[in-house]
Amino acid sequence: MKSTLVLSILLFVISSLCAQNGWTPDVMIKYKRVGGTAISPDGKLAAYTVSTPQMEGEKSEYLTHVWVASSDGKQNSQYTFGDKSCSNPSFSPDGKYLSFTSSRSSDEKSQIWIMRLTGGEAEQLTTTKNGVNSYRWSNDGKRIGYTMANPLTEQEEKNKKEKRDWDLVDNNYRYAHLYTMEVEGDRKTRRLTAGDFHVTSFDWSPDGKTIAFAHQINPTVDVWPTTDISAVPSDSGVVKSLVSMNGSDANPRYSPDGKWIAFSSDGGDPRWPGQNDVYVIAAAGGRPRKLGETADRRPVIIDWSADGKEIYYSEIEKTSSRVFTLPFDGGKSRVITGGSGAFSGAALSRNSATIAYIHQTTDIPPEVMVTGTRSFSSKKLSDVHSDYPKYPLGRTEIISWKSTDGREIEGILTYPVNYEKGKRYPLILNIHGGPTGVFTQSYTAASSIYPIQAFAQEGYAVLRPNPRGSGGYGKEFRFANVNDWGFGDFEDDMTGVDKVIEMGIAHRDSLVVCGWSYGGYMTSFIVTKTNRFKAASVGAGVTNLMSFVGTADIASFLPDYFGGEYWDKMETYMKHSAMFHIKNVSTPSQVIHGEKDARVPLSQGQEFYIALKRRGIPTEMIVYPRTQHGPQEPKFIADIGKRILAWFNTHLRKSSKSPMMGGE
């Protein structure tokens, strides 16, 4: 009780003092999120979304609305309003309408709405019983295709009302299926697919006669290697199989002449670390052909070029996300968005002359940009963050070092605000999730459960390494921690810490560590291997690999990484689990978890917390209700940042050998 009171007071003091001087979690939570773009067919307009935190009274949510800007930079206006979010903007092929999805209707289901770009009220287009998942316009603009999960039957609704709605696990899936709807006239709706499969993505043929779609055997996450591609007549008819290789074949996109379909595939070798390439197949069917391999072999298809000679895709390149093109003839890729920072949410105009995207750097917040595709010349269209604080930032740079086995590792280092050369500062080692995640050059003052500039404002340096297993550095690097969780990547992280110490920035006795998901796994495992860290914060961490397999929604994840089930490889699973080395932990360790987390269930955090508590190691556990694997409520996001800061400050300042800053 006493420790809880002290921590609450410390939280209040930190919040009150720092709010007057610069970045804090409470300041940074006011940050607005910029969503993916859509571009008009002629490239003259770009639509995007802005999500604003709502935290007054009982609210703790993001309200999203659609904005439209002209590509010449002269106009930029909010298009949707109200207390219900509007998202997924798209322009009609004739450029007359802007469509979006919203639950603003009386049934509070996500429906498709359209509004004329010349002005006027938005009009509800669909009235689906179970809400729209995704949608696409036909090329002539006369119809919209969409997916919807099967609604409850009359009997299921009756059972729910009578409290007879027990769940028979792995039965009665809510499959998503394809529908089309006429935009004008009587707005006739057709259902195109039915059966025991789940539609994940789709595309219209240019003539509007056919829809190609990707589908898997059920809606659960763990069946990702079962995705195939089929086609169906858009006025209903027999479904025809097009691609059914082993593994995942997904995201079909028709070429402008309708003769080909591009799609992404693992080539029949599904692996959790991910290895996808771009393939093409004749629209009538045949043998798929793989195009040239991309640098990271995880391309995300954007669209075809207007002449059908290239395919635009996005991919991570080290600490940048970029847009590239891949030639149809099998040649090498070409980069579209050069320079520093991260480029995301790209959309291509129909003539492929213009591309809209979101750009940010570590020092500049994300805004919507456009450029020509033949000559990169970026123009800013939005001004989302004009009212966001302009406090001084801790400088951020990319650094590299050699791990113990000679492997080259990169990381992103943020200096304390008002850094003074010659002084040493406490260092936060912040580890990313995945493990195939990657830290990129995103804006460091954005709101986050790990608010980088709030840490820097408090006097910390922050190292965010991209150890082996990370994305962005090629397939071999991404697969380098297979069967090796917590060992090679541990060395990569720790040699990065040593690098920052050698640079004269970090104090060797003032180290703390944190991470979420796989980063939480690494944090829990690190404190079983070393006592160098004065405090740790384990966010949604996998702490027991065996019980994780039996409770998570991705039961095949670890058997894929470790080459077998835990009952056949008991020693391996124990070797890589923090819980089987818990007696080695002496580091004060905070545990943070979401109550409704299906990816890394709450029990993973509870096992670690209860063991530390029973061993007498300083610990605390914070559980956030309603929260799944990633916190979404802004009040929770701000609270997590404050609690991590309070935990680190408390345990660094308790040690006389761990000054918050100073000399050697």
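# Exercises on a predicted model

Glutamate 156 forms a salt bridge with arginine 174, and their closest N and O atoms are 3.1 Å apart. Keep in mind that this is a predicted model.

## Exercise 1: A salt bridge and its two ends

Find where glutamate 156 and arginine 174 lie, and state what their pairing ties together.

**Solution.**
Step 1. Place the acid. Glutamate 156 lies in helix 3, residues 154-161.
Step 2. Place the base. Arginine 174 lies in the loop between helix 3 and strand 12 (176-182).
Step 3. Combine the two. The pair ties together parts that are 18 residues apart in sequence.
Step 4. Check the exposure. Buried means under 20% relative accessible area, exposed means over 50%, and partly exposed lies in between. Glutamate 156 has 22%, so it counts as partly exposed. Arginine 174 has 30%, so it is partly exposed too.

## Exercise 2: A long reach in sequence

How many residues apart in sequence are the parts tied together by aspartate 26 and lysine 642? Is lysine 642 buried or exposed?

**Solution.**
Step 1. Confirm the bridge. The side chains of aspartate 26 and lysine 642 meet in a salt bridge of 3.2 Å, N to O.
Step 2. Place both residues. Aspartate 26 is in helix 2 (residues 25-28), and lysine 642 is in helix 12 (residues 634-653). The pair therefore ties together parts that are 616 residues apart in sequence.
Step 3. Apply the 20% cut-off. Lysine 642 has a relative accessible area of 19%, so it is buried. Aspartate 26 has 27%, so it is partly exposed.

## Exercise 3: More salt bridges

How many salt bridges does the structure hold? Describe the one between arginine 322 and glutamate 317.

**Solution.**
Step 1. Start with the total. The structure holds 32 salt bridges.
Step 2. Take the named pair. The closest N and O atoms of arginine 322 and glutamate 317 are 2.7 Å apart.
Step 3. Compare each end with the cut-off. Arginine 322 is buried at 10% relative accessibility. Glutamate 317 is partly exposed at 35%.
Step 4. Look for a network. Arg136, Asp203, Arg253 and Asp303 are linked by salt bridges.

## Exercise 4: Two helices that cross

Are helix 6 and helix 7 roughly parallel or roughly perpendicular to each other?

**Solution.**
Step 1. Locate them. Helix 6 spans residues 488-502 and helix 7 spans residues 518-529.
Step 2. Read the geometry. Their axes come within 11 Å and cross at roughly 80°.
Step 3. Apply the range. Angles of 65 to 115 degrees count as roughly perpendicular. The two helices are therefore roughly perpendicular to each other.
Step 4. Name the contact. Helix 6 supplies Asp489, Phe490 and Asp493. Helix 7 supplies Tyr518, Met522, Ile526 and Lys529.

## Exercise 5: A buried asparagine

Which residues does asparagine 481 contact, leaving aside its neighbours within four places in sequence?

**Solution.**
Step 1. Place the residue. Asparagine 481 lies in the loop between helix 5 (475-478) and helix 6.
Step 2. Check its cover. Its relative accessibility is 0%, so asparagine 481 counts as buried.
Step 3. List the contacts. They are Pro435, Arg468, Gly469, Asp489, Tyr518 and Tyr561.
Step 4. Follow one partner. Proline 435 is in the loop between strand 32 (425-431) and helix 4 (452-457).

## Exercise 6: Unusual backbone

Most residues other than glycine have a negative phi, and most peptide bonds are trans. Where do proline 435, asparagine 483 and alanine 540 depart from this pattern?

**Solution.**
Step 1. Check the peptide bond. From glycine 434 to proline 435 it is cis, with omega near 10°.
Step 2. Check asparagine 483. Its phi is positive, at about 65°. Asparagine 483 sits in the loop between helix 5 and helix 6 and is partly exposed at 38%.
Step 3. Check alanine 540. Its phi is positive too, near 45°. Alanine 540 sits in the loop between strand 35 (533-539) and helix 8 (545-551). With a relative accessible area of 0%, alanine 540 is buried.

## Exercise 7: A patch on the surface

Which residues form a nonpolar patch on the surface together with Met574?

**Solution.**
Step 1. Name the members. Met570 and Phe580 join Met574 in the patch.
Step 2. Give the area. Together they have about 240 Å² of accessible area.
Step 3. Look at one member. Methionine 574 lies in helix 10 (residues 570-575) and is partly exposed at 31%.

Note on methods. Residues are numbered from 1 along each chain as its sequence is written. This is a predicted model: local features need pLDDT of at least 70, side-chain atom pairs count only at pLDDT 80 or more; totals for chains, interfaces and linings use all residues. Side-chain values use heavy atoms; hydrogens and water are left out. Patches are made of residues with over 30% relative accessible area and no salt bridge: like charges are joined within 9 Å, nonpolar side chains (Val, Leu, Ile, Met, Phe, Trp, Tyr) within 5 Å. Accessible areas come from the Shrake-Rupley method with a 1.4 Å probe; for residues, only the protein chains shown count as cover. A salt bridge is a side-chain nitrogen of Lys or Arg within 4 Å of a carboxyl oxygen of Asp or Glu. Helices (H or I, at least four residues) and strands (E, at least two) are DSSP runs, numbered from the N terminus. Buried means under 20% relative accessible area, exposed over 50%, partly exposed in between (1.4 Å probe, protein chains only). Axes are lines fitted to C-alpha atoms, for helices over the stretch in contact, and angles run from 0 to 180 degrees between N-to-C directions. Angles under 35 degrees count as roughly parallel, over 145 as roughly antiparallel, 65 to 115 as roughly perpendicular and the rest as oblique. Contact means heavy atoms within 4.5 Å.
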